[in-house]
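Trainee: Could you take me through one part of this model up close? I'd like to look at the place where the two chains meet, and then follow it into the chain behind it.

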Amino acid sequence: MSTFVSDTVNVMNRELKPVWREPMAVIFAMIQPLVFLGLFAPLLPEMATGGSALQWFVPGIVAMTALMGASFTGSNLMEEMQSGSHERQLVSPLGRPALLVGRALKEVVPMLMQVAIIVAVVTPFSFDLHLGGVLAAALVLSLFSIGVGALSFALALASKGQDWMFWTVQQTLLFPALLTAGVLLPMDGAPRWLEVVSMLNPMTYVVDATRALFAGTYPADVVAQSVAGAALTAALGLLVGVRAMRRSS
Amino acid sequence: MAVMTINHRQNTTGPAIVTRGLTRHFTSRKQTVEAVQGLDLEIGQGELVAFLGPNGAGKSTTLRMLTTLIPPTSGSASVAGHDVVTGQRDVRQAIGFVGQGNGAGHRQLGRDELISQGRAHGLSRADAHRRAGELIDDLDLGAVADRKVSSLSGGQRRRLDIAMGLVHLPRVLFLDEPSTGLDPQNRINLQELIQRLHAESGSTVVLTTHYLEEADALAGRVIVVDHGRVIADDSAARLKSGLGDLVRLSYDDPAPLARAAARLERVPDARVEVSDDTVDLRVKDGSAMIGELLADLAADGVPPARIEVARPTLDDVFLDLTGRSLRETQQTASTDTEAATNQTQSEVAA
């Protein structure tokens, strides 16, 4: 067990080195969410409740950033599978599960950096910062990122030698996941079938809780559901990811 | 210069590698490709061994089994005293591996990768830093170690890959086609580097190559592989000397050519082949009997118009063993095995 922990830490440290060396890359990776924030937010009407639209929209963009960053991350592994550095690590004493778990855990770091940037960018505008809530939401989002990252790595391993498969699956799932989680538009008044899809999407609960927590409220049921949704994503991701890594050669 | 010594965690008296009936099949589209068939090998500690053979001969598959990347279909292998299936982690701890691609991640810095590799092998943070520094000096990577790997030239990356394979002073170092993709100058530099590291460390070095010159120049022992089987296993010098020199006599007219051929048939232990305008004589130490031979032919009144003497090459050895030239085989190499390897890799449980 202790080898698993030290192996995982070693893998995570290696994965984080490019992040520390080139922190700007973390910003480039979030161009898309920032574009949504800049171009979409001004179009939003004031909320019926009288709250600021930004207050509603920003948490969704934060969740979107987490989903995008973590779902793209498998492409890094794919690059390493092509170059040969994945093979080299498979021959090293690092355990297969650690090669997956260390990578998935690392996803938390760029995600937190991106959340910090978004919050810093919007706070001067009509967005009330509730630091405690943001930090609590960051914990849920961390768990979610680990799960999505692990799934992305599993997809990369399954797509060995077939890049198109990774990108097709990732792109096909990305926007339905975002839209049915109510990131861009609220799901209120959605037709029944869409409502069901939304309820089955674990990200829905992550987005709902992020909104509540960013507003400085702590509704126990919403938060509990989001933790369950994120934990389920993480458990599924790690299970599938470790299986895929064990088969990797 | 870093003085390297072997990791003495295991007894170093036993053989470094033993295989018994080592076999690997790949199945693709209901066709079974027997990539490696019943390999029985014993490689001693400190040997420098080259697996030579055309593409698809089973060299890389053998290496992938010995380095725990894929399990054998049947048979067994032990490396540094550990079974490649039941003792995977011990094997991985004991070996260095330089694959066909780049071991160093392209987004990483060379020095970072050396340190990470050291940490993966259980070196302390301080030791990993120190060892990375030693290897950077020893392999002349000082100017590029703190640059992103993607910006390095092919030769620099190869040296970095080898440095990574040496971080933990491995008992056995495997190199899979190390010189593929390098220009001739870098290839020679690499061969010198491998020979120097082998001499300094006393590690066992096993490499695969389809370059005849490389196997010839580099390895103390050449294992010639074809269609998944070992077809020869000896030092390059002995493999070649068994074959003899090639003496080629050219004639402008057919009449003296026939008489010369008849005369040459009387040379003991020689093989004679006649074509339209040449007579080929394949005989041990042919270069030493040239003078006598020419005098005899001149005395018979059939001196050759031109004469060539060629020492045997490993290609001649391969040709002699298989009836095919390794150089030609390379061009039209059957890629069956490789295609099958790619197809079934996802099915292979590690």
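Mentor: Sure. Where chain B meets chain A, 32 residues of chain B are in contact with 24 residues of chain A. Keep in mind that this is a predicted model. On the chain B side, two helices give two or more residues each to the surface touching chain A: H2 (88-94) and H3 (110-120). H3(B) gives the most, with five residues. As for the chemistry of that side of chain B, it's 17 polar residues, ten nonpolar and five charged.

Let's stay with H3(B), then, and see what it packs on within its own chain. One partner is helix H4 of chain B, residues 125-138: the two axes are 8 Å apart and make an angle of about 130 degrees. That angle falls outside the ranges for roughly parallel, perpendicular or antiparallel, the last of which starts over 145 degrees, so H3(B) and H4(B) count as oblique to each other. The crossing of H3(B) past H4(B) is right-handed.

Now for the residues that make this contact. From H3(B) come Arg111(B), Leu114(B), Ile115(B), Gly118(B) and Arg119(B). Notice the spacing of those numbers: an α-helix has 3.6 residues a turn, so residues three or four places apart point the same way. Facing them from H4(B) are Asp127(B), Ala128(B), His129(B), Arg131(B), Ala132(B), Leu135(B) and Ile136(B). Sorted by class, the H3(B)-H4(B) contact has six nonpolar, four charged and two polar residues.

While you're in chain B, have a look at Arg157(B), which sits in helix H5, residues 154-166. Is this arginine buried or exposed? Arg157(B) has 24 other C-beta atoms within 10 Å, and the cut-off for buried is 20 or more, so Arg157(B) counts as buried. Leaving out residues up to four places away in sequence, Arg157(B) touches Asn102(B), Ala104(B), Val149(B) and Leu152(B). Its C-alpha atom is also 9.9 Å from that of Ala145(B), twelve residues away along the chain.

Last, hop over to chain A for helix H13, residues 220-247. With 28 residues at 1.5 Å a residue, H13(A) should span 40 Å, and its end C-alpha atoms are indeed 40 Å apart, so the two agree. Its buried residues include Val223(A), Ser226(A), Gly229(A), Ala230(A), Thr233(A) and Ala234(A), and further along Gly237(A), Leu238(A) and Gly241(A). The buried residues of H13(A) pack against three helices of chain A: H7 (96-106), H9 (131-158) and H12 (202-214).

Definitions and conventions
Residues are numbered from 1 along each chain as its sequence is written. Chains are lettered from A and ligands numbered from 1 in the order in which they are written. This is a predicted model: local features need pLDDT of at least 70, side-chain atom pairs count only at pLDDT 80 or more; totals for chains, interfaces and linings use all residues. Helices (H or I, at least four residues) and strands (E, at least two) are DSSP runs, numbered from the N terminus. The expected span of a helix is 1.5 Å times one less than its number of residues. A residue is buried if 20 or more other C-beta atoms lie within 10 Å of its own, exposed if 12 or fewer, and partly exposed in between; C-beta atoms are placed from the backbone. Two residues are in contact if their C-beta atoms, placed from the backbone, lie within 7 Å. Ala, Val, Leu, Ile, Met, Phe, Trp, Tyr, Cys and Pro count as nonpolar, Asp, Glu, Lys and Arg as charged, and the others, Gly among them, as polar. Axes are lines fitted to C-alpha atoms, for helices over the stretch in contact, and angles run from 0 to 180 degrees between N-to-C directions. Angles under 35 degrees count as roughly parallel, over 145 as roughly antiparallel, 65 to 115 as roughly perpendicular and the rest as oblique. A crossing is left-handed if the near helix is turned anticlockwise from the far one by less than a right angle, and right-handed if clockwise.
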